[in-house]
Amino acid sequence: MRTIAAAGLLFLLFFGPDIFAQDFKPSKTQFMIRGYGHSGLNYEKVNDEDPDVSYVGATFAPMFLFKHSDRLLFEAELEFELEDGEVKVGFEYANFNYVLNKYITARAGKFLLPFGTFMERLHPAWINRLSTLPLGFGHDGVAPSSGIGVELRGSAPIGSGKINYSLYMINGPVLVTSAMDPEEAGMLRFENFEDNNGNKAVGGRLGVLPLSNSSVELGVSFYNGLAGNTGSQYENVAASLYALDFSYVKQISAIKGILDIKAQYTQSNVSDANYYEMAPGDTIPVSYTFANTSNAYFAQLSYRPSMASGFIKNVEIVGRYSTLATPEGAEWEQEASQFAIGVNYWLSWRSVLKFSYQITESVGGHGNTGANTTKGMFAHWALGF
Amino acid sequence: MNKIKIISGIIAVMILTITLYSCTAQRAAASKKSGAQLWGENCIRCHNIPSPGDYNDVDWETIGLHMRIRANLTEEEIVKIVEFMKTVN
């Protein structure tokens, strides 16, 4: 009996994989979980105050991809983040994609907006070459990052280069009024799960890759929509944003490595409106207004000696300059510029150790009036899986 | 603010030089290029380049469709790239 069992076992051991392999056919539908984890240590010092040193981020962002056929794809990403001892769950995106033909793909759901390139393509911790976001992105950013609605996108070869485009219609932005938050009156909030007015925001981007080697891309984006609540005094307040982006990435033998340049300029214009403030001693709120225009800009350059040998080919150096200017006369008036430099060590194509130093000079900003110099040092890691 | 001008200036000059340099590189439409070449040129634009061996055939199909949409690659490019990935992984 034992010999039979042993023979059976041996048989299975030798031939089992073959038997199973014959039965194994990849299914037409495929489900895949990918994503990334990220965390780090921040040291920040404002002027001569005591520095603030803390571990941050502890982010775990699983991404789900479900390929139903060669044309239909579902993508979703959640973001679990540890903040102030609590787990915050973010819902980055969830959308259906259907490839209509060679040149057009339709999407519906919540998606990252191709408004400029930073938020859609470059912000994940394993892609972003620095530990921080450029000024003007993230919390209080001047650019929208995601939206709920529908989109058509695609690309086509033109001459020896190619173009790509996107056109979307989403729940538009919300204008912050004095009643909502006096400190932020006039700001736009882009997280708008239920539309506050019947008007949808319309936006799009056109990208041009003029060279046959795809190394250069120039993009123009726009985003327009009404921002005030229907029926309120702000009902006709419109937001109109645009962005310009540039990208150059190429492995160049003369410098034995990859040169990567990314830049984006973003401008936001909101129609004039009256906001209200209560000065100390006043009994009735006083109205005020300002030219509601903000802009932000960043340019980043990185270099990795990818053609060198050994340890050095995984090292990358990066520098980034960014600025942010918010409206003069607003409670959140601010003028800031930031310079960041960093060294990265790539453990794999999507796992990295990042070390950086940055200095931010700002005047104004939330609850601030004077000028501030903030110096920061960051040691972060990101791991894509 | 002077610092801004200097840095912007340096970046502008670099961009210009590189663009001019790239313009002289050979021109060939995607239809004349191999999957390997298209992979090398396109998959480094946003993140580091993944190697074919990083995923199996089934995964490459899914990733191919995902990147075709997210990265706005043309149908021809992605078909050739996925084919290449599946051949050499």
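Helices (H or I, at least four residues) and strands (E, at least two) are DSSP runs, numbered from the N terminus. With that noted, I opened my notebook on helix 2 (residues 118-122) of chain A, where Arg121(A) is found.

**Ground rules**

I am working with a predicted model, in which local features need pLDDT of at least 70 and side-chain atom pairs count only at pLDDT 80 or more, while totals for chains, interfaces and linings use all residues. Residues are numbered from 1 along each chain as its sequence is written, chains are lettered from A and ligands numbered from 1 in the order in which they are written, and side-chain values use heavy atoms, with hydrogens and water left out.

**Entry: Arg121(A)**

I looked up whether Arg121(A) is buried or exposed. Arg121(A) counts as buried because its relative accessibility is 9% (buried means under 20% relative accessible area, exposed over 50%, partly exposed in between, with a 1.4 Å probe and protein chains only). Its side chain makes a polar contact with the side chain of Glu217(A) at 3.1 Å. For a polar contact I need a pair of N or O atoms within 3.5 Å; within protein, one must be able to donate a hydrogen and the other to accept it, and residues adjacent in sequence count only if both atoms are side-chain atoms. Leaving out residues up to four places away in sequence, I find Arg121(A) touching residues that include Arg205(A), Cys46(B) and Asn72(B) (contact means heavy atoms within 4.5 Å).

**Entry: where the chains meet**

I find 66 residues from chain A and 42 residues from chain B in the contact. The two chains bury about 4,700 Å² between them, 60% of it on carbon and sulfur atoms. Ser212(A), Tyr321(A) and Trp349(A) lose the most area to chain B in chain A, together 14% of what that side buries. Buried area here is the accessible area (1.4 Å probe) that two parts lose on being put together, summed over both.

Between chain A and chain B I count 20 residue pairs in polar contact, both at pLDDT 80 or more. Strand 12 (residues 238-252) of chain A gives the most to the side touching chain B, with seven residues.

**Entry: salt bridges**

How many salt bridges does the rule find across the interface of chain A and chain B? I get five, and the structure holds 22 over all chains. The rule asks for a side-chain nitrogen of Lys or Arg within 4 Å of a carboxyl oxygen of Asp or Glu.

One salt bridge is Lys162(A) with Glu77(B), the closest N and O atoms being 2.5 Å apart. Lys162(A) lies in strand 7 of chain A and Glu77(B) in helix 4 of chain B, so the pair joins two chains. Both residues are buried, Glu77(B) at 3% relative accessibility.

I also noted Arg70(B) meeting Glu75(A) at 3.2 Å, N to O. Within chain A, Lys262(A) and Asp260(A) form a salt bridge at 3.1 Å. Lys262(A) is buried at 6%, and Asp260(A) is buried at 4%.

**Entry: cysteines**

I looked for disulfides and found zero over all chains (a disulfide is a pair of cysteine sulfur atoms within 2.5 Å). Why is Cys43(B) without a bond? Its sulfur is 9.7 Å from the closest cysteine sulfur, in Cys46(B), which is too far for a bond. Cys43(B) is buried at 14% relative accessibility, and Cys46(B) is buried at 18%.
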